[in-house]
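Work through the exercises below with the sequence and the model at hand. Each task is followed by its solution.

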Amino acid sequence: MRVLLLGGTGEARRLAAGLTRRAGFDVITSLAGRVAAPALPAGRARVGGFGGPDGLAAWLAAERIDAVVDATHPFAAEITASAVTATARAGVPLLVLRRPGWCARPGDDWRRVPSLAAAAEPPGERVFLTTGRDGLPVFAGDERRWFLMRSVDPPPPPLPPRSTVLLARGPYTVEGELELMRRYAVDVLVTKDSGGEMTAAKLTAARLLGLPVVMVDRPPAPEAPAVATVDAAEAWLERLIQTGAGTGRRAGPL
Ligand code: NAP
């Protein structure tokens, strides 16, 4: 079974590693190419966009793909929408693998907002911004606040005039996040509800320091079957291979 794995997350890498150990799967992971030196998955990888849903549907047919697992980041809404449209058109089964969002615990002071734009006025003066580079233009015009911005690669302009960029890649520890927030006298954290363990330490640190957190809600879930764990995605693919569904369809006309 040829599986296209839409990647860019730790879950996608773990699923690729698991599938390459199992018999019967030929896995290609697709990466957007946003990060200069991406963490590469086990098995084959391709890099770059497909050219929207039409391009992806054509690619699925040309590569004789039997199943697609969308394991992209919960905020990567465009590629997910593209996968829903393209797989429906090409008649290829699609599974969405999404880790659960974060839940506030006692002692947390979270302010949930529906979008990055709605996070533009955080309740503080020294903002720790972990929304990724796509979110930075929202804050670029803020001349009053100071921003600590953490990203994997240097973010492109425009940036807020009073800011410091920290280049780093998770996972992060609570001790490290506490030290960072204290060192820069951060008084508010702005983050997206990405979920997962790799970047959750900042939330614990904010709770321990009594800092408010502006939490940007996820975009709406796609209309597609979904699972929350890598194991469940592997089980879905195993069922597919056992029933023969998704195979034999190879490269019919679009
Ligand atoms: P996006 O806004 O949903 O996608 C924009 C365009 O980039 C898509 O239309 C597609 O181009 C291309 N693309 C995105 N992911 C792709 C993939 N895995 N393989 C091939 N093309 C892809 O995506 P994004 O939010 O910029 O995220 C880009 C990548 O970074 C994703 O792989 C995601 O998993 C990862 N990531 C995102 C975030 C985040 O906060 N958004 C955080 C961590 C990792 P075409 O239309 O030309 O096909």
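**Exercise 1.** Find the residues that surround the ligand, then list its contacts with backbone atoms of G48, G51 and A77.

Solution. The ligand is surrounded by 21 residues (a heavy atom within 4 Å). G7, S30, F50, G51 and K192 are the closest. Next come the polar contacts, pairs of N or O atoms within 3.5 Å. A backbone N or O atom of G51 is 2.8 Å from a ligand oxygen. For A77, a polar backbone atom lies 3.3 Å from an oxygen atom of the ligand. At G48, a polar backbone atom is 3.5 Å from a ligand nitrogen.

The model is predicted: local features need pLDDT of at least 70, side-chain atom pairs count only at pLDDT 80 or more, and totals for chains, interfaces and linings use all residues. Residues are numbered from 1 along each chain as its sequence is written, and side-chain values use heavy atoms, without hydrogens and water.

**Exercise 2.** Describe the packing of α5 and α6.

Solution. Helices here are DSSP runs (H or I, at least four residues), numbered from the N terminus. Helix α5 spans residues 174–183 and helix α6 residues 201–209. Their axes, lines fitted to C-alpha atoms over the stretch in contact, are 8 Å apart at about 55°. The two helices are therefore oblique (not under 35, over 145 or from 65 to 115 degrees).

**Exercise 3.** Locate the cis peptide bonds P157 to P158 and G170 to P171.

Solution. Omega is about 5° between P157 and P158, and P158 sits in the loop between β8 (146–151) and β9 (163–167). Omega is also about 5° between G170 and P171; P171 belongs to the loop between β9 and α5.

Methods:
Axes fitted to C-alpha atoms, helices over the stretch in contact; angles between N-to-C directions. Polar contact = N/O pair within 3.5 Å; in protein donor to acceptor, adjacent residues only side chain to side chain.
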